[in-house]
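User: Hi! I'm new to reading protein models and would love some help with this one. Could we start with the aromatic rings?

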Amino acid sequence: KNRLAALVYGDNNPNHPLIAIAAAARCGLNVVGVDIDRGKAEAIQRLFPRTQFQHYTKLAQYAFLRLLGLCFISFYPTEWIGTARQQISCAVTGTPCIGNHDSHTQHRLFPSLGCDIYDLDRMREHYERILNPGEYERVSLYAREAAQFYNIENTKKRFMDAIEDAKKIKT
């Protein structure tokens with residue numbers, strides 16, 4: 001893993017890539033930006049002159065996971081509170097994710113790294129904490145194990161149980 005690289009996924013506005021970039025910059029990290037509006041990239045870079053940027057367009061899933069797995073951390077201050085693929089992707093690649101404390105995926109996989117999506121100070125505190133010996137590995141291992149909740153067998157079982165529950169309600 002590149003200890004100086006933070007992945008920022010900027011596919012749409014609810015993910016607040018500018019806040020994620022600000023968090024990475026505040027932590028002294030370089031930004032690996034995926035699907036951030038290229039038309040705004042130059043202006044964003046001027047806001048953070050001491051931060052190095054690598055830009056990637058939208059990537060196929062395998063290429064994205066490989067890139068994510070090389071990064072030390074991901075900042076994902078999304079407004080979405082439902083299931084978020086980004087936290088799951090982070091968990092399976094062993095990349096801690098600092099994100100929305102209201103997201104049930106964040107809570108399930110990275111509960112110690114959740115915070116308000118605008119709280120840059122807390123994001124930096126979380127980042128500094130995972131630098132403590134053993135903490136990065138503990139957080140990563142916990143998330144990887146907890147990600148089994150989303151595997152195909154468990155997902156199928158929850159879906160089938162929901163169907164059975166719906167049938168019982170209807171009868």
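Analyst: Happy to help! Rings of Phe, Tyr and Trp (its six-membered ring) pair if their centres lie within 6.5 Å; planes under 30 degrees apart count as stacked, over 60 as edge-to-face and the rest as tilted. By this rule the count comes to four aromatic pairs.

User: What kind of pair do Tyr9 and Phe64 form?

Analyst: Tyr9 and Phe64 form a tilted pair, with 5.3 Å centre to centre and 55 degrees between the planes. Tyr9 lies in strand 1 and Phe64 in helix 3 (residues 61-70), so the pair ties together parts that are 55 residues apart in sequence. Helices (H or I, at least four residues) and strands (E, at least two) are DSSP runs, numbered from the N terminus.

User: Are Tyr9 and Phe64 buried or exposed?

Analyst: Both Tyr9 and Phe64 are buried. Buried means under 20% relative accessible area, exposed over 50%, and partly exposed in between (1.4 Å probe, protein chains only).

User: Before we go on, where does this model come from?

Analyst: This is a predicted model: local features need pLDDT of at least 70, side-chain atom pairs count only at pLDDT 80 or more, and totals for chains, interfaces and linings use all residues. Residues are numbered from 1 along each chain as its sequence is written, and side-chain values use heavy atoms, with hydrogens and water left out.

User: Thanks! Back to rings: which residues form one aromatic cluster?

Analyst: Phe72, Tyr127 and Tyr136 form one aromatic cluster.

User: What sits over the ring of Phe149?

Analyst: The charged end of Arg108 sits over the ring of Phe149, 3.6 Å from its centre. The charged end of Arg158 also sits over the ring of Phe149, 3.7 Å from its centre. Here, a charge sits over a ring if NZ of Lys or CZ of Arg is within 6 Å of the ring centre and within 35 degrees of the ring normal.

User: And is Phe149 buried or partly exposed?

Analyst: Phe149 counts as partly exposed, at 27% relative accessibility. Tyr150, at 16%, counts as buried.

User: New topic: how many helices and strands are there?

Analyst: The chain has eight helices and six strands. Along the sequence they follow the pattern β-α-β-α-β-α-β-α-β-α-β-α-α-α.

User: Which strands does strand 1 pair with?

Analyst: Strand 1 (residues 2-9) runs parallel to strand 4 (residues 71-76), and four bridges join them. Strand 1 also pairs with strand 2 (residues 30-34) in the parallel sense, over five bridges. Two strands pair if DSSP finds at least two bridges between them.

User: Which residues face each other there?

Analyst: The bridge partner of Ala6 in strand 4 is Ile73. Tyr9, from the tilted ring pair, stands opposite Val34 in strand 2.

User: What comes after strand 2?

Analyst: A loop between strand 2 and helix 2 (38-47), which holds Asp35. Asp35 has a positive phi of about 60 degrees although it is not a glycine. Most residues other than glycine have a negative phi. Asp35 counts as partly exposed, at 23% relative accessibility.

User: How many disulfides are there?

Analyst: The count comes to zero, where a disulfide is a pair of cysteine sulfur atoms within 2.5 Å.

User: Why is there no bond between Cys90 and Cys97?

Analyst: Because the sulfur of Cys90 is 4.1 Å from its closest cysteine sulfur, in Cys97, which is too far for a bond. The sulfur of Cys115 also has its closest cysteine sulfur in Cys97, 9.8 Å away and too far for a bond. Cys90 is buried, at 0% relative accessibility, and Cys115 is buried at 3%.

User: What is His101 in contact with?

Analyst: Leaving aside its neighbours within four places in sequence, His101 is in contact with Gly114, Cys115 and Asp116. Contact means heavy atoms within 4.5 Å. His101 is found in the loop between strand 5 (97-100) and helix 5 (104-109), and at 40% relative accessibility His101 counts as partly exposed.

User: Last one: how much of the chain is buried?

Analyst: Buried residues make up 44% of the 171 residues in the chain.
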